[in-house]
Amino acid sequence: MCNFNKQSEETKARMHLLIQECAQKAGGVNFLLGLVEAIKAKKPNALIDSSCKVESKELRLSWNKIIFKDKFDVLEELVRMRDDSEGITRNILDVGGEKKRKKTLTMLKTLAPVEFKVVAKATQKAEGFELKIFETLQEGTATINPLFAALFFCSAEFTKKALKYEAA
């Protein structure tokens, strides 16, 4: 999923719109890219940081629940195993094996209530935005929010390509 060049034109256009909208709400492209860089700087991954926040020079990203490594590992595997041809709408419940499906369902139940809020620091005048990990969460169907995947799992280069994308 994190190779922008291998995405379909429809997926590229959708990612462009999603990230462009978030950039506007964050106060501008550079503010959003600064936040992406701050997320990437947290090691091993910002999601498993016990402070549940990431700060850049202009923005603050926080979430309401600690994400433990075991749930993070399942989530990361699901994001990384997505075939680029499947785009951003792949049902993550379509995984092989009953054991893997059970792990996925447990992770879904645990992480579904997690909400992320991006707010500008005091000196900035941006409205900010909120996002969740899962875009679709219905009986038998669950899809990962593409914006969430872009922010936490894809490279900053992916976000830059999505911002610069122009539909043919």
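**Salt bridges, aromatic pairs and the largest pocket**

Eleven salt bridges are present in the structure, a salt bridge being a side-chain nitrogen of Lys or Arg within 4 Å of a carboxyl oxygen of Asp or Glu. The model is predicted, so local features need pLDDT of at least 70 and side-chain atom pairs count only at pLDDT 80 or more, while totals for chains, interfaces and linings use all residues. Residues are numbered from 1 along each chain as its sequence is written, and side-chain values use heavy atoms, with hydrogens and water left out.

Side chains of opposite charge can pair when their charged atoms come close. One such contact joins arginine 14 to glutamate 135, with 2.3 Å between the closest N and O atoms. Because arginine 14 belongs to helix α1 (residues 9–26) and glutamate 135 to strand β5, this pair ties together parts that are 121 residues apart in sequence. Helices (H or I, at least four residues) and strands (E, at least two) are DSSP runs, numbered from the N terminus. Arginine 14 is partly exposed at 29% relative accessibility, and glutamate 135 is partly exposed at 34%; here buried means under 20% relative accessible area, exposed over 50%, and partly exposed in between (1.4 Å probe, protein chains only).

Lysine 42 and aspartate 49 form another salt bridge, their closest N and O atoms lying 3.1 Å apart. Lysine 42 is partly exposed at 27%, as is aspartate 49 at 23%. Within helix α3 (residues 69–81), lysine 69 and aspartate 73 are four residues apart, about one turn of the helix, and their side chains meet in a salt bridge with an N to O distance of 2.8 Å. Lysine 69 has a relative accessible area of 47% and aspartate 73 one of 32%. Elsewhere, Lys53, Glu55, Arg60 and Lys121 are joined into one network by salt bridges that share partners.

The aromatic side chains give a second set of contacts. A pair of aromatic rings is described by the distance of the centres and the angle of the planes. Rings of Phe, Tyr and Trp (its six-membered ring) pair if their centres lie within 6.5 Å; planes under 30 degrees apart count as stacked, over 60 as edge-to-face and the rest as tilted. Nine aromatic pairs satisfy this rule. In one of them, the ring centres of tryptophan 63 and phenylalanine 116 are 5.4 Å apart and the planes stand at 45°, so the pair is tilted. Tryptophan 63 lies in strand β2 (residues 59–63) and phenylalanine 116 in strand β3 (residues 115–120), so that the pair links distant parts of the chain, 53 residues apart. Tryptophan 63 is buried at 7%, and phenylalanine 116 is buried at 0%.

The rings of phenylalanine 148 and phenylalanine 153 form an edge-to-face pair, with centres 5.9 Å apart and planes at 70°. Phenylalanine 148 is buried at 0% and phenylalanine 153 at 5%. One aromatic cluster comprises Trp63, Phe72, Phe116, Phe148, Phe152 and Phe153.

The largest pocket holds about 170 Å³ of space. Its lining includes Leu93, Arg101, Lys109 and Thr141. The elements giving two or more residues to this lining are α4 (98–111), β5 (134–138) and β6 (141–144), and α4 provides the largest share, four residues. On a 1 Å grid over the protein atoms alone, a pocket is an open set of points where a 1.4 Å probe fits, with protein on both sides within 12 Å along at least five of seven lines, and lining residues have an atom within 4 Å of a point. Grid points are joined across faces, edges and corners, and the volume is the space filled by probe spheres set on the points.
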